[in-house]
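Grab a coffee and open the viewer. Here are a few exercises to work through, each with a solution underneath.

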Amino acid sequence: MALQRYLLKRSYETKEKLRPLLLRSFSSISAPTLPSCDYEPKPYKGPLADEVLQKRKKYLGPSLFYYYQKPLNIVEGKMQYLFDENGKRYLDAFAGIVTVSCGHCHPEVVNAIVEQNKLLQHATTLYLHHAIADYAEALASKMPGNLKVVYFVNSGSEANELAMLMARLYSGNLGMIALRNAYHGGSSGTIGLTALNTWKYPIPQGEIHHVMSPDPYHGVFGSDASSYAKDVQDHIDFGTSGKVAGFVAETIQGIGGAVELAPGYLKRVYDIVHKAGGVCIADEVQTGFGRTGSHYWGFETQSVLPDIVTMAKGIGNGLPLGAVVTTPEIANVLAEKLQFNTFGGNPVCSSGGLAVLRVLDKEKRQAHCADVGSHLIERFRALQQKYDIIGDVRGRGLMIGVELVTDKKEKTPAKAETTVLFEKLRELGVLVGKGGLHGNVFRIKPPMCFSKDDADFLVDALDYAMSKL
């Protein structure tokens, strides 16, 4: 008995001696440093941030907003890095809002654009030019099934606007169904499809119905796809004539906070919509071109074949480029009238877009996204065990969301804390995005050349920032 008391006393004394060391170790997490980079930015001699901001406020629309209390003046980019006016390097974990796919100023994409610019910048599709035809052929080769006809536009909003027009003309119906928490554009037509009040103006949105988002984290049915699909059927039965024009959805809701739809949801809904006379549209503006890692197109993660696919952003690595791909049968409805897009598929954008496809294939970026993305998600989930503020880690490949909450049970948005961490990450040299209705989701969607070293630095930076909260 005496021996047992002696051992317990020694054990307690040892723990008390170690306690200050453990606390000191935890509280003194050192700030991580950016992975090495042998690229040197050119000396910047242009206007500085304050002057640019004043001009912007004076001459640009007041609806434009910017990140950070002191906005960054970004003047150069190279692959996964950005540089400000002082030459400070930042790790870009947002890719210009999921737009830079190959990497900033990728030499092969830049060269294709420059060489075409030297020959012909613009003519019109009223004349022949090989660039648009070559590019359409290459893009169609990436599509499954009979998705073989391409219409080129200049943005994701335009693409979704055209897709909605096709759906209504082909079906002969008007009603469109979209998901709550969705973002499909900000034009007067697509703003109706969008279902986040922060992005909607009070204008008529037309014949559009918004159904429950099959959100495994926040949704009332968790991951039960069949219950969410029943909500779609109920809307058709009780909110329409029984016929609809179409259904549109992102596979992973981007601006909504990287919300991946419940498994099996689209398969059930596509069947319901087809029976109601509608067509199914996959919005691949953010999820396309291998970003999800497991598949080239986001809709493939749900084992479905859409009738129409829209794409933009990563399609051009920063070029103003978008596309709608559909079947010959659906495409034919536009031939009943004159249909034209002045800049869609111009020689410069077509040459750049074709270079993007070739680079993504050559550098095996889909497999790279799967590898780096799984590593990044694993590290974020380990961090989730350390900090209660991390309510959810979700996504796949290099399309990831980290949701911050003040209460894990109630899932209360950690708005103030997100703002503090957002600024701290910038100070540490990391640029991320924010999403979700309350802006409490970090959107991690970097250029697809993002490395495991970059991933480790990003997580270490967030760890350090959270340790200082």
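**Exercise 1.** In the hairpin of S1 and S2, which residue takes a positive phi?

*Solution.* Keep in mind that you're looking at a predicted model. Start with the link: two residues sit between the strands S1 and S2. Then check the backbone angles there, and you'll find Met-79 with a positive phi near 55°. The strands on either side run antiparallel, joined by four bridges. One of the facing pairs is Glu-76 opposite Phe-83 in S2.

**Exercise 2.** Follow the chain on into the next hairpin and work out how S2 and S3 pair.

*Solution.* S2 covers residues 81-84 and S3 covers residues 89-92. Their pairing is antiparallel, with three bridges. For the partners, Leu-82 faces Tyr-90 in S3, while Phe-83 has Arg-89 as its bridge partner in that strand. Four residues link the two strands, and among the hairpin's residues Gly-87 has a positive phi near 85°.

Now look at the side chains of S2. In a regular strand, side chains alternate between the two faces of the sheet. Here, Tyr-81 and Phe-83 point one way, Leu-82 and Asp-84 the other. Are these four buried or exposed? They are all buried.

**Exercise 3.** Put the whole sheet together and find its edges.

*Solution.* The order is S1-S2-S3-S16, which makes an open sheet of four strands with mixed pairing. S1 (74-78) and S16 (430-431) each have a single partner strand, so one side of each lacks a neighbour in the sheet.

**Exercise 4.** Where do the buried residues of helix H11 lie when you look down its axis?

*Solution.* First get your bearings: H11 spans residues 365-386, and its 22 residues reach 31 Å from first C-alpha to last, close to the expected 32 Å. Next, list the buried residues, which include Cys-369, Val-372, Leu-376, Ile-377, Phe-380 and Leu-383. The buried residues of H11 fall within an arc of 145°, so they line one face of the helix. The face turned away from them carries the exposed residues Ala-367, Glu-378 and Gln-385. Finally, see what covers the buried side: the cover includes helices H10 (347-362) and H13 (452-467), along with strands S13, S14 and S18.

**Exercise 5.** Which element gives the largest share of the lining of the second largest pocket?

*Solution.* The pocket's volume is about 510 Å³, and 28 residues line it. Nearest its centre are Thr-125, Ile-132, Phe-340, Asn-341 and Gly-344. H5 (130-140) and S4 (149-153) each supply at least two lining residues. The largest share comes from S4, with four residues.

Terms used. Residues are numbered from 1 along each chain as its sequence is written. This is a predicted model: local features need pLDDT of at least 70, side-chain atom pairs count only at pLDDT 80 or more; totals for chains, interfaces and linings use all residues. Side-chain values use heavy atoms; hydrogens and water are left out. Two strands pair if DSSP finds at least two bridges between them. The expected span of a helix is 1.5 Å times one less than its number of residues. Buried means under 20% relative accessible area, exposed over 50%, partly exposed in between (1.4 Å probe, protein chains only). The arc is that of the directions from the helix axis to the C-beta atoms. Contact means heavy atoms within 4.5 Å. On a 1 Å grid over the protein atoms alone, a cavity is a set of points where a 1.4 Å probe fits but cannot get out, and a pocket is an open set with protein on both sides within 12 Å along at least five of seven lines; lining residues have an atom within 4 Å of a point. Grid points are joined across faces, edges and corners, and a volume is the space filled by probe spheres set on the points.
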